[in-house]
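User: Please take a close look at the interface in this model and follow it into the parts around it. I would like the terms explained with their cut-offs as they come up.

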Amino acid sequence: MFVQHESTFDGFLSAAAWCLRRAVQPDGMLAGQSDQPLLEATWVTTERGVRALFARHLGERLGEAAGGNALTRVWQAYLSEEPGIADSMLAYLRLALRLRGDPSARLGEPEVAAVVHASDRVSRCAHRYQGLLRFREAGDGSLAAEFAPDVDVLALILPHFADRFPDRPLAICDRRRNRVGWRSADGLCRISDLVDQPAALPLALRIEDRPDGPEQSEDRNSNRTQPEQAAGASTGVQQGSDEVFHEEAWRVYLRRLSIPERRNLALQRAHMPKKYWSYLIECPGGTESSGSAGQQY
Amino acid sequence: MDLLDKLQILGESARYDVSCSTSGVSRPGDGKGTGNALPGGICHTWTEDGRCVSLLKILQSNHCDYDCAYCANRRSNDFPRTALSPEELADLTIAFYRRNYIEGLFLSSGVVNGPDHTTELMLRTLRLLRHAHGFNGYIHAKAIPGTSAALLEQLGTLADRVSVNLEQCTRAALASLAPQKCPQDIASPMRYLAQRNRQSLEDRQSSRRAPAFMPAGQSTQLIVGASAERDWQILASAQHLYRGFGLRRVYYSAYLPINSDARLPSRHRAPPLLREHRLYQADWLLRFYRFQVDELLSPAAPDLDLDLDPKSAWALRHLDRFPVELNTADYELLLRVPGIGAVSAERIVAARRSRQLRLEDLPRLRVSRRRAGWFITCGGRYGAAYVPDAAQLRALLADPVGRERQPGKQMRLEELDLVCTA
């Protein structure tokens, strides 16, 4: 028997809860559309408040800290988008509840190892982008950045930057998934699909009203639990006038910081593979602000 | 001279200070100012020499009263001299920070009208950042040798990390290469900073409201290859600094022959990059693998083997300790196995609590069987296909993937990663 659920983390947790309540061991966990269920699968509707339900159960069985860690690991494994990871996630949760302890140490178990390594990969990617994301400051002081991560880390890095820059609006666009995370002037963090974004204007992020509001934020630090309406109509952000200067200043600084006698491009690439270069203003092929000389670093 | 010119000159002047860490401080944003600090540190980019860049590393001024033989900024060198005003530097730091180019500021300076005058100039920059701009990000400040205690106190309250560069670990080398610096000028600030840091940590254990002093601790730098100092002397100094002064990091900087001076190695001599790398590996063994210096080196054998990492070299000298059974060996012994890191050793100890480990489990534990296999058994099974003698093992460890690997694909030892986080 296959169990099918909505393509969200809450959808997976709802399916997991369904399996655990019935002591069912499915042949597989499948994400899909509610209007296109597979004939052979049992469709599980997303439960409201399922995340809090799991947090409470895991906290009671494992203790607050260990329970929180276990749920975070599963969530991060989900963000890895690895094929088949949902089956390992279900096994991980089942083991955690059965053992009444954190199963992360049991790396000899293939399902545990799969979840732990997927979670670590997402965590490392998020940490990397905390350093490699590049913001541009618009004329109104707001900050905008874009990237295309291998795994879905937008919800992990948005709170970090929201905490870092509390005094101005900011937005981060995931080009690979066409989603945008932003912190509006009222301090709330949200993540939404990016609709109709002109690729030629990376700084102009349109955040449009949607009839059903944006997705509930994956930001665990957000105080709001109910979906909110998008923050008004289009929010075009124009580039600040000193952006060209600061980008050029960064490039020239880095050029002079490098020691010629120690030149080691292989080591540079080992630390910073070329797949990250597209959105780094200091790297060849990195996005440059309009009017920049585009000097090679 | 415009700001871009100053930035280039003063950035280049600061590039020989190798510290790049931004770890050791956990400070969330305060909701009003700009910035926060993460305990693990963040790398923002890597330069063409493969080094991590996490801070705006720059000099307040590259004018210098001193004439240290090894220094690019020494008084007798003829090149453009300039300075950034505190306002220019603070504004630039905030602008770069806001764009996420950096985690914060690494501020040093040439010595201008004495240590205290120089430090006061740097303090103006730091006060602007912390108080006028509300900057909560990471600051690493250099303490000039000879700075008074009162100014060190202010430095420690504004900066997350403070460092005093030792540069040489023997009095003879210091007297020869930096005659204007006396050992007391270096030791006294280090001692004061260490004592204040310890006191601050104790105060904060009693009350979280107690002010932090230099919360990311103290570090220093030693130049490698500018004098006749041996690896044993360098590492023994590092061990003493870690234990006696509570230093967080000692950095090792391969001497680059940028100056012509009879006291220094020839300008044609290649910089000792591999030696520097071995010192970092040995330093890691001291800090995380519970090694002592006298297990690695001695006056009779004062230099690290350049062909082998220090852990493998130790293992080859102590083959009687191997093979180690992974299911029963204690943590300290696991740390001694080449190919098993500190994290892997913890994973082995944790995983074997639930069931006996097998060789097939090693990839999931992220243990390099290709390297560790020669030294372990798992459930009684030897980890490699055959048991090599000492000479074969040495050859295997020096070239772990075998001689059949294409020369072009072999990683040059110089390309191995330099650790840059505390």
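Analyst: What follows begins with the interface and then turns to the core and to single residues.

This is a predicted model, in which local features need pLDDT of at least 70 and side-chain atom pairs count only at pLDDT 80 or more, while totals for chains, interfaces and linings use all residues. Residues are numbered from 1 along each chain as its sequence is written, chains are lettered from A and ligands numbered from 1 in the order in which they are written, and side-chain values use heavy atoms, with hydrogens and water left out.

The size of an interface is often given as the accessible area lost when the parts come together. Here chain A and chain B bury about 5500 Å² between them, and carbon and sulfur atoms give 55% of that area; buried area is the accessible area (1.4 Å probe) that two parts lose on being put together, summed over both. On the side of chain A, the residues that lose the most area to chain B are Arg164(A), Arg256(A) and Arg262(A), which together make up 15% of what that side buries. Counted by contact (heavy atoms within 4.5 Å), the interface takes 56 residues from chain A and 61 residues from chain B.

The rule finds 10 salt bridges across the interface of chain A and chain B, a salt bridge being a side-chain nitrogen of Lys or Arg within 4 Å of a carboxyl oxygen of Asp or Glu. In one salt bridge, the side chain of Glu109(A) meets that of Arg355(B) at 3.7 Å, N to O. The rule also finds 34 residue pairs in polar contact across this interface, both residues being at pLDDT 80 or more. A polar contact is a pair of N or O atoms within 3.5 Å; within protein, one must be able to donate a hydrogen and the other to accept it, and residues adjacent in sequence count only if both atoms are side-chain atoms.

On the side of chain A that touches chain B, the elements giving two or more residues are α5 (110-132), β4 (135-137), α6 (154-164), α7 (243-257) and α8 (265-271) of chain A. These names follow DSSP runs numbered from the N terminus, with helices (H or I) of at least four residues and strands (E) of at least two. With 12 residues, α7(A) gives the most to this side. The residues of the side of chain A that touches chain B divide into 27 nonpolar, 11 polar and 18 charged, where Ala, Val, Leu, Ile, Met, Phe, Trp, Tyr, Cys and Pro count as nonpolar, Asp, Glu, Lys and Arg as charged, and the others, Gly among them, as polar.

Helix α5(A) has a further place in this picture, since it gives 10 residues, the most of any element, to the largest nonpolar core. That core holds 188 residues, and the members that touch the most others are Phe12(A), Ile172(A), Leu56(B) and Tyr252(B). A nonpolar core is a set of buried Ala, Val, Leu, Ile, Met, Phe, Trp, Tyr and Cys residues joined through side-chain atoms within 4.5 Å; buried means under 20% relative accessible area, exposed over 50%, and partly exposed in between (1.4 Å probe, protein chains only). Leaving aside neighbours within four places in sequence, Tyr252(B) is in contact with residues including Val18(B), Leu222(B), Ile234(B), Leu235(B), Leu279(B) and Asp283(B). Another core, of six residues, lies apart from the largest one, and among its members are Ala37(B), Phe106(B), Tyr138(B) and Ala216(B).

Ser119(A) lies in helix α5 of chain A and counts as buried because its relative accessibility is 1%. Its side chain makes a polar contact with the side chain of Gln76(A) at 3.1 Å, and, not counting residues up to four places away in sequence, Ser119(A) touches Arg73(A), Gln76(A) and Ala77(A). Chain A as a whole has eight helices and eight strands, and 53% of its 297 residues count as buried.

In chain B, Ala282(B) has its place in helix α8 (residues 273-288) and counts as buried, at 0% relative accessibility. Ala282(B) and Leu304(B) are 22 residues apart in sequence and 8.5 Å apart in space, C-alpha to C-alpha; beyond residues up to four places away in sequence, Ala282(B) touches Leu235(B), Leu296(B), Leu304(B) and Pro310(B).

Some backbone details in the loops of chain B complete the account. Asn113(B), in the loop between β4 (104-108) and α3 (115-132) of chain B, has a positive phi of about 55° although it is not a glycine, and Asn113(B) counts as exposed because its relative accessibility is 59%. Glu167(B), which lies in the loop between β6 (161-163) and α5 (171-177) of chain B, likewise has a positive phi, of about 65°, without being a glycine, but Glu167(B) counts as buried at 9% relative accessibility. A cis peptide bond, with omega about 5°, joins Phe322(B) and Pro323(B), and Pro323(B) lies in the loop between α10 (310-317) and β9 (324-325) of chain B.
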